[in-house]
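Hi,

Here is the structure I promised to send over. Have a look at it first, and then read on for what I found in it.

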Amino acid sequence: MATQPVLELRGVRRTYGELVAVDLLDLKVRPGECVVLIGHNGSGKTTTLRLVAGLLEPSEGRVSVAGGDMAQERSRAALSFVPDSPLLYPDLTVREHLELVGLAHGVGDGLDGRVAELLELFELTSRGDFLPGQLSRGMRQKAQLACALVRPFQLLLLDEPVVGLDPPSQEALHRILVAAKQDGAAILLSTHQLAFASGLADRAVVLHDGRVVEQGPYASVVDGPEARRLGLR
Amino acid sequence: MNQDAAATLGFLRQRRRAHRSPQQRSDRFTGLYTVGLYTAIGAWAGFQALRQGPARGGSAVWLTGGGLARVATVALVLGLLASLRYATWQGPVVFTAAEVQFLLASPLPRAELVRARLGRGLLVGAAAGAALGLAVFVLLEAELAVPAWPLLAAALAGTAAFGVLAAALGWLVESSAATARGVLLASPLVLAVAVAAWLGGAAAVGADPWSGPWGWAAGPLVAAAGGRDPGWPLQAALLAAVTFVAVVAAWRTAGRVTLEELERRAGTRAGLGASLYMADPRGAALLRRQAVGGLVGVRRLALRHPRRRWLALPWRDGLSLLRAPGRVGWALVLCGSGMLAVALVPGRRLLAAGAVVVAYLGAARLVEPLRGEADQPDASRQLPWRWGDLLLLHTATPILVLTAIGLAATAALALAGLVPVGALGMAAAACLPVAAVLVWSAAIAGQRGRLGLDQFLTASAMGELAGPVYLLRWFATGPLVALASLLGPILALQSAAGRPLPHAQAAAATNAAALLVTALAVQGAWLRSRHPPD
């Protein structure tokens, strides 16, 4: 029997007035699977991720994370989200952000070690006691990624995670995500950088004007007719 | 002025004038004319109304017996402090971003360009001071009926000179980061000077160097109003001398400011204009905080994280307060003032209502992390709690801090003999629930986030009368919730104050407690049911 999906979207539609941002989207992501959303700007990738994260309510359809909706604490605890622009508290240092998120998600005795490990991995150790206002955009993005990874999760959502990241940090993130996948985590990410997704993504979904125009195994979709027609390759 | 600079400024003036349509010129004139006309009519009408009102001999005696000296010196000290603090992030010389990019970056002498703007800043300072002096003249003349011309001359000249002095000192602050940092750090000291001036009364006005420019500016006014101040000519001379020195110093240092500083202020000004246009004072406050944040630096205080999950947010809020202890100081001043007012003059309902509003403002200073959460609700997605639970967890630390402030103020009032020993236990017991009501009222207002474009457009569409009422309701929600929750218990306790019978007082205390618990239950349930703002 196939494992139950961690994420399931059924007939999800989101409109802003007359604009249809996401139209009748069906999607399942299973444990240990990575799905990448690709498409032009405005194709509905970020809206889809925000719908899954519970930051937007669907106009129609249902979003289920770990078997429940995002109003349930169990579902919220299962999902970790990295938005497209870093959202950090201006009065907390990088280290305190990681401690807050880890503590809130019940990371117990190993919290300090986990925080130190992530700071080291993203080359943030020397900036651990800096406030977000003292960091460059790329550094803030690294801090946001570290916050998402410091806690346990079943589903990781990443919206354009490599924008602003230097090549070593991109490589480090790639390694972490591959390891997380092997540990059974499901990953849904949106990116324009297919080089980052290759070797990580199992499936790809091409969105255009809010609709799924093609989906399937990663390699066949990115080399497929829709990706070529839209100039995504 | 350097010829190149003068020619460039002249060219800019000419081009701007050429681009200004006759309609724009007409609108500008109409605006100035309307303000001038309404000011004159208001001053005249106010003067007549005050003159024809019932004679208030008590006020006149109080004013000439030291009251005016007190009020004037304190107002001038606070005005100067406000002006200098404003200069730490804006100030009398602010260019637009375009001027910084094109004009100041050009090979023209910066000092000349700055002086043109500084001259305007000094004039604005003089005009603002004179406007204040005019209002003071109207009030005093109506109340005291002393010879008008000497009073008018003293009121206008003193305040106008003080305005120029404030603008010149403002520039000195603006042009030096070290001075600006000093102003921010020394602000509590200046507040202490204001308190000393209030306590000193008539003695605050004198010709001594330690009277300060505020005392020198107030002296001629006090003398013209009929108070006793024989040293006023010397005070006027001292004020003129110190103003002259400050203006010369400002003029000489006009070229000292860096382009980086002017560019930062230009950027802040653009954001400030947008925030004020959108009736968004929080946006303006955040801009100010961001601008001065670089001056005072970060307090490197650490607080070891707890081990229990539910303590995560109280720990985070505690860290925030440690880094901004001024918030606790303001809460102490505001809540302490409210409690003092109620203790000094018990039984006055209007005063009690005012005290609740003032205490609410103190509590609102403590819920800044919650307001920050509402400013960017997406950030809360990193945390596992529902929005309503998150709000309640964010209020734990502010409630504890406000309770501690309440207990400290109660103890101080008891030591001063303002709280009867018999009521001490009840007053102490009330601190926690009252603090919770005040903090939750602030949370109810704060969780809505900043006044957004939607609300602003709604207000704009509602017309000239209903629109401002809509905006006013937005800002008044928190104080009104606090009033609705606390006035009942306060009135219940006040009604029992005059009755000596123990059982009547016990019944009043029970009623007050029941009302408090009901208010807390309603507020808590309402907060828990909230969703993040859009």
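To get you started: which residue in β4(A) does Leu7(A) stand opposite? Keep in mind while you look that this is a predicted model. The residue is Val65(A). Leu7(A) also stands opposite Val29(A), which belongs to β2(A).

**The sheet in chain A**

Those pairs belong to an open sheet of three strands in chain A, ordered β2-β1-β4 and paired antiparallel. The edges are β2 and β4 of chain A, each of which pairs on one side only. On average, neighbouring strands of the sheet are turned by 20 degrees against each other, if you ignore direction. Helix α1 of chain A, residues 45–52, packs on the sheet and touches β1, β2 and β4 of that chain. The direction of this helix makes about 60 degrees with that of β2(A).

Now for the strands one by one. Strand β1 of chain A covers residues 7–16 and strand β2 of chain A covers residues 19–29; seven bridges join the two, and they run antiparallel. Another pair to look for here is Val12(A), which stands opposite Leu25(A) in β2(A). β1(A) and β2(A) make a hairpin with two residues between them. In that turn sits Gly17(A), with a positive phi of about 65 degrees. Over on the β4 side, β1(A) pairs with residues 60–65 of chain A through five bridges, again in the antiparallel sense.

**Two backbone angles worth a look**

Most residues other than glycine have a negative phi. With that in mind, check Leu24(A): it is not a glycine, yet its phi is positive, at about 50 degrees. You'll find Leu24(A) in strand β2 of chain A. Is Leu24(A) buried or exposed? Somewhere in between: Leu24(A) counts as partly exposed because 15 other C-beta atoms lie within 10 Å.

Glu123(A) is another non-glycine residue with a positive phi, near 55 degrees. Glu123(A) lies in the loop between α4 (111–121) and α5 (137–149) of chain A. With 14 other C-beta atoms within 10 Å, Glu123(A) is partly exposed too.

**Where the chains meet**

How many residues does each chain bring to the contact? Chain A brings 24 residues and chain B brings 18 residues. On the chain A side, the elements giving two or more residues are α2 (73–78) and α3 (94–104). α3(A) gives the most to that side, with six residues. Sorted by class, the side of chain A that touches chain B has 16 nonpolar, three polar and five charged residues.

**Chain B and the cores**

The domain assignment splits chain B into domain 1 (60–272) and domain 2 (309–528). The C-alpha centres of these two domains of chain B lie 35 Å apart.

The largest nonpolar core has 133 residues. Among those with the most contacts inside this core are Ala146(A) and Leu155(A) from chain A, plus Leu402(B) and Leu438(B) from chain B. Helix α18 of chain B (residues 424–446) gives the most to this core, with 13 residues. A second, separate core has 61 residues, including Val100(B) and Leu262(B).

Let's zoom in on Leu402(B). If you skip its neighbours within four places in sequence, the contacts of Leu402(B) include Ala331(B), Cys335(B), Ala435(B) and Val439(B).

Next, Leu334(B), which is part of helix α13 of chain B, residues 325–344. Leu334(B) is buried, because 21 other C-beta atoms lie within 10 Å and the cut-off for buried is 20 or more. Leu334(B) and Val358(B) are 24 residues apart along the chain, but their C-alpha atoms are separated by 5.8 Å. Not counting residues up to four places away in sequence, Leu334(B) touches Val358(B), Ala359(B), Leu361(B) and Gly362(B).

For a contrast, try Thr253(B), in the loop between α9 (232–252) and α10 (259–277) of chain B. Thr253(B) has 17 other C-beta atoms within 10 Å, so it is partly exposed. Leaving aside neighbours within four places in sequence, Thr253(B) is in contact with Leu172(B) and Ser175(B). The C-alpha atoms of Thr253(B) and Trp171(B) are separated by 8.9 Å, with their positions 82 residues apart along the chain.

Cheers

Note on methods. Residues numbered from 1 in each chain as written. Chains lettered and ligands numbered in written order. Predicted model: local features only at pLDDT ≥ 70, side-chain atom pairs only at ≥ 80, totals over all residues. Domains from an automatic or database assignment. Pairing = 2+ DSSP bridges. Helix = DSSP H or I, 4+ residues; strand = E, 2+ residues; numbered from the N terminus. Contact = placed C-beta atoms within 7 Å. Nonpolar A, V, L, I, M, F, W, Y, C, P; charged D, E, K, R; others polar. Core = buried A, V, L, I, M, F, W, Y, C linked by C-beta atoms within 7 Å. Buried ≥ 20, exposed ≤ 12 C-beta atoms within 10 Å, placed from the backbone. Axes fitted to C-alpha atoms, helices over the stretch in contact; angles between N-to-C directions.
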